[in-house]
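Please walk through this model with me, one element at a time. The tour begins with a pair of strands and ends where two chains meet.

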Amino acid sequence: MTHEFICKPPQIIDLGLIDYTKAFEMQKELVAKMINGDIEHDVILILEHQPVFTLGKRGGRENLVVSEEFLRSKNIEIIQTERGGNITYHGPGQLIFYPIVNIEKRKLGVSDFVCALEETMIRTSKDFSVNGVRDAKNHGIWAKNSQTGVNAKLGSIGLSVKRGISFHGLALNVNLDLTPFSWINPCGMAGILMTSLENETKHNIAIKSVKEKLLHHFKEITGIEI
Amino acid sequence: MKEITELNLPENLKYSDSHEWAGVEGDVVTIGIDDYAQDQLGEVVFVEVPEVGANYSKGDQFGTVESVKAVSEIYTPVSGEIVAVNEALADSPELVNNSPYENGWIIKIKADNISELDTLKDKASYLEMLKG
């Protein structure tokens, strides 16, 4: 039976632009259904969020460098989540990939799954001629600037694991307005630069083309048939 | 990651399917996460523990272990009342990685019914499950 389960390909749902809370509720519902057996396959959600700041389980509000009133004036909410990591920003033009995957049944370790998501972003960036690298101290993906030597953050990861099922996922900056990142210390680190694929290449990059590459690499790296 | 044959799984402990270990002394059960779990999680950066005096039923989530970029739930294999939590983990969460069965224990729970632990696995059957 286990073998049959593993062979079932995940369902891929493209939600387009969606409110953070709606997508969060959807994830929780899917995880609950996977736990009680109503759904026997993994699910991959692909989406973009409307502008929002989210806090990791252990917070990050102290890394907000503007007032909450200022954010209200911009109509941007701050939402507490259960994922790992610190404060971050999500908005249109940032590609979100939530693989809701039973990593326990697939015998994927949590740290390996984090690495697989990083590798997925690195290979995807490379397809757009951006040199994405890891940083030993700070997880996520950084665009390497060989001229200045200063790397800028291109993609982030935050996961939750409930009864062996991983949810939340990765966020890759494609063509979003980077201004809101200047209102926080992203991931709890002061003075870091944020970037996007479009900012690095100075070319227009469509979200759709990044989606296809991301799915392709995720499949190749994890061995999960899509 | 470690090969299954490299795992340190003491004979005197019992193991849950969700990778917690349980050590019994009278009706008090010490619980932590086992070598397999700490290895799969990677470097632990924070452990969320419950309050002493809290009551849980078998299978309930009692805390979380945060490794780099991931928060994972942990579950109690026995019902009862929390009588101690490992305060050292607040400053040294890495004890869960370095010493999962000794300095890295997470909670002590006074079991309502110690026979609930009968459903847990011994080393040999736990290894069988991991090999799956």
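Start at A:Val52, whose bridge partner in S5(A) is A:His90. The model is predicted, so local features are described here only where pLDDT is at least 70. The pair belongs to a longer match: strand S3 (residues 52-55) of chain A and S5(A) run antiparallel, joined over 3 bridges.

Now widen the view to the sheet. It is open, has 3 strands, and follows the order S4-S3-S5 in chain A. Its pairing is mixed. Strand S4 (77-80) and strand S5 (88-90) of chain A form the edges, each pairing on one side only. On average, neighbouring strands of this sheet are turned by 30° against each other, with direction ignored.

Next come two helices of chain A. Two packed helices are described by the angle between their axes and the distance between the axes. Here, helix H4 (residues 110-127) of chain A packs on helix H6 (residues 207-222) of chain A at about 135°. Their axes lie 9 Å apart. How are H4(A) and H6(A) oriented to each other? They are oblique, because angles over 145 degrees would be needed for roughly antiparallel. The crossing of H4(A) past H6(A) is right-handed.

Which residues make this contact? From H4(A) come A:Ala116, A:Glu119, A:Thr120, A:Arg123, A:Thr124 and A:Asp127. H6(A) answers with A:Val210, A:Lys213, A:Leu214, A:His217, A:Phe218, A:Ile221 and A:Thr222. By class, the contact of H4(A) with H6(A) holds 5 nonpolar, 4 polar and 4 charged residues.

Follow chain A out of H4. The loop between H4 and strand S7 (132-133) of chain A holds A:Ser129. Most residues other than glycine have a negative phi. A:Ser129 is not a glycine, yet its phi is positive, at about 65°. Is A:Ser129 buried or exposed? It counts as exposed, because it has 10 C-beta neighbours inside 10 Å and the limit for exposed is 12 or fewer.

Chain B offers a second case of positive phi. B:Lys69 is not a glycine either, and its phi is about 70°. B:Lys69 sits in the loop between S6 and S7 of chain B. Its surroundings are another matter: B:Lys69 is buried, because 27 other C-beta atoms lie within 10 Å and the threshold for buried is 20 or more.

The strands on either side of that loop form a hairpin. It has 2 residues between the strands, and B:Lys69 takes its positive phi there. S6(B) and S7(B) are antiparallel and share 6 bridges. Within this pairing, B:Gly63 stands opposite B:Ile74 of S7(B).

S7(B) also reaches across to the other chain. It pairs in the parallel sense with strand S9 (residues 152-162) of chain A, over 3 bridges. Look for A:Ser160: its bridge partner in S7(B) is B:Val71.

That brings us to the contact between the chains. It takes 19 residues from chain A and 14 residues from chain B. On the side of chain B that touches chain A, helix H1 (35-41), strand S6 (61-67) and strand S7 (70-75) of chain B each supply at least two residues. Which element gives the most to that side? It is S7(B), with 4 residues. By class, the residues of this side of chain B are 6 nonpolar, 5 polar and 3 charged.

Terms used:
Residues are numbered from 1 along each chain as its sequence is written. Chains are lettered from A and ligands numbered from 1 in the order in which they are written. This is a predicted model: local features need pLDDT of at least 70, side-chain atom pairs count only at pLDDT 80 or more; totals for chains, interfaces and linings use all residues. Two residues are in contact if their C-beta atoms, placed from the backbone, lie within 7 Å. Ala, Val, Leu, Ile, Met, Phe, Trp, Tyr, Cys and Pro count as nonpolar, Asp, Glu, Lys and Arg as charged, and the others, Gly among them, as polar. Two strands pair if DSSP finds at least two bridges between them. Axes are lines fitted to C-alpha atoms, for helices over the stretch in contact, and angles run from 0 to 180 degrees between N-to-C directions. Angles under 35 degrees count as roughly parallel, over 145 as roughly antiparallel, 65 to 115 as roughly perpendicular and the rest as oblique. A crossing is left-handed if the near helix is turned anticlockwise from the far one by less than a right angle, and right-handed if clockwise.
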